[in-house]
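Student: Could you take me through one part of this structure slowly, namely the aromatic side chains and what surrounds them? I would like to see how the pieces connect.

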Amino acid sequence: WARIEPQRGMIDEDAIAHYRAELEALRAKGIRPIVTVHHFSNPIWTYDLHDIGCANGPSDTNLCGFGGPGGAQLIQAMADHAALLAQRFGDLVDEWGTVNEPLIWMFAAYGVGYFPPGKNALANPVAQLVPPLRDYIAAQAAMYKAIKANDTIDADGDGVAAAVGFSMSVADWEAARKNMPSTDPADIAARDHLIYLFHYLFVDAAVTGGFDTDLDGVPDEMHPEWAGTIDWLGLQYYF
């Protein structure tokens, strides 16, 4: 995305040509490509780290990230990017991923601060993590719909022009303390909560449209516009 749209609304045709050549080369080798629209990196104009506090409010050079005053504009920008890819590459691609490991990215960017914009929500995770997470789920749904509307070409001849989903990072989480297995009920409850947050929260929202605003395992908001915005689910299982 950062290479294709380095400035908001300005498309780099050389970047488009580069990715099209890659997709054509894959096709020539008999490889069916799956394209992920958002894989962690973002154009700087989505959140300018020189103005991390968004002192001047959202603008075309700084939308101030998810969960803030420019959140709706950022959601639309991601949908526009997905639509562009679907228009330009739909004749070569039938399988699309909207996002990659969304909870990994969300926690790294807005939970513990490892990724830009470096937000840390450990002091108050519900108040600080839930608003950007809500926006990111909304962006996923918007990208899904944009791809479906703009990729109308069946590249594989299998009757499906666009199958759209996303991939999740999953793991066999175990309760432990000091590197040893634990049977402490509090540790087991923490393990179960982590499994819910990492494996189910985002997926449930895309399937049912329900959103858990206090992260307690029960949806508190219903967003019918999110429901059914997933055709397939990819599992990335590293450990």
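Tutor: Let us begin with a group of rings: Phe 66, Trp 105, Tyr 110, Tyr 136, Phe 166 and Phe 202 form one aromatic cluster. Please keep in mind throughout that this is a predicted model, and that a search of the whole structure finds eleven aromatic pairs.

One of these pairs is made by Phe 66 and Trp 105, whose ring centres lie 6.1 Å apart, with 85 degrees between the planes, an arrangement that is edge-to-face. Phe 66 belongs to the loop between E1 and H2, whereas Trp 105 sits in helix H3, which spans residues 102-111, so this pair ties together parts that are 39 residues apart in sequence. Phe 66 and Trp 105 are both buried. Trp 105 has a further partner in Tyr 110, and because their ring centres are 5.9 Å apart and their planes stand at 75 degrees, this pair too is edge-to-face; here again, both Trp 105 and Tyr 110 are buried.

The loop that carries Phe 66, the one between E1 and H2, also holds a covalent link, which we can look at next. The search of the whole structure finds one disulfide, and it is formed by Cys 54 and Cys 64, with their sulfur atoms 1.7 Å apart. The angle about the S-S bond is 60 degrees, and the link of Cys 54 and Cys 64 is right-handed. Since Cys 54 and Cys 64 are each in the loop between E1 and H2, the disulfide ties together parts that are ten residues apart in sequence. Like the rings just described, Cys 54 and Cys 64 are buried.

From the loop we can turn to the elements on either side of it, by way of the largest pocket, which has a volume of about 350 Å³. Helix H1 (13-28), strand E1 (34-38) and helix H2 (71-89) are the elements that give two or more residues to the lining of this pocket. Its lining consists of 16 residues, and those that lie nearest the centre of the pocket are Ile 4, Tyr 19, Val 35, Thr 36 and Leu 85. If you sort the lining by class, you find ten nonpolar residues, five polar ones and one charged residue.

To draw the parts together, the loop between E1 and H2 contains Phe 66, which pairs with Trp 105 of helix H3, and also contains Cys 54 and Cys 64, while E1 and H2 themselves contribute to the lining of the largest pocket.

How values were computed: Residues are numbered from 1 along each chain as its sequence is written. This is a predicted model: local features need pLDDT of at least 70, side-chain atom pairs count only at pLDDT 80 or more; totals for chains, interfaces and linings use all residues. Side-chain values use heavy atoms; hydrogens and water are left out. On a 1 Å grid over the protein atoms alone, a cavity is a set of points where a 1.4 Å probe fits but cannot get out, and a pocket is an open set with protein on both sides within 12 Å along at least five of seven lines; lining residues have an atom within 4 Å of a point. Grid points are joined across faces, edges and corners, and a volume is the space filled by probe spheres set on the points. Helices (H or I, at least four residues) and strands (E, at least two) are DSSP runs, numbered from the N terminus. Ala, Val, Leu, Ile, Met, Phe, Trp, Tyr, Cys and Pro count as nonpolar, Asp, Glu, Lys and Arg as charged, and the others, Gly among them, as polar. A disulfide is a pair of cysteine sulfur atoms within 2.5 Å. Buried means under 20% relative accessible area, exposed over 50%, partly exposed in between (1.4 Å probe, protein chains only). Rings of Phe, Tyr and Trp (its six-membered ring) pair if their centres lie within 6.5 Å; planes under 30 degrees apart count as stacked, over 60 as edge-to-face and the rest as tilted.
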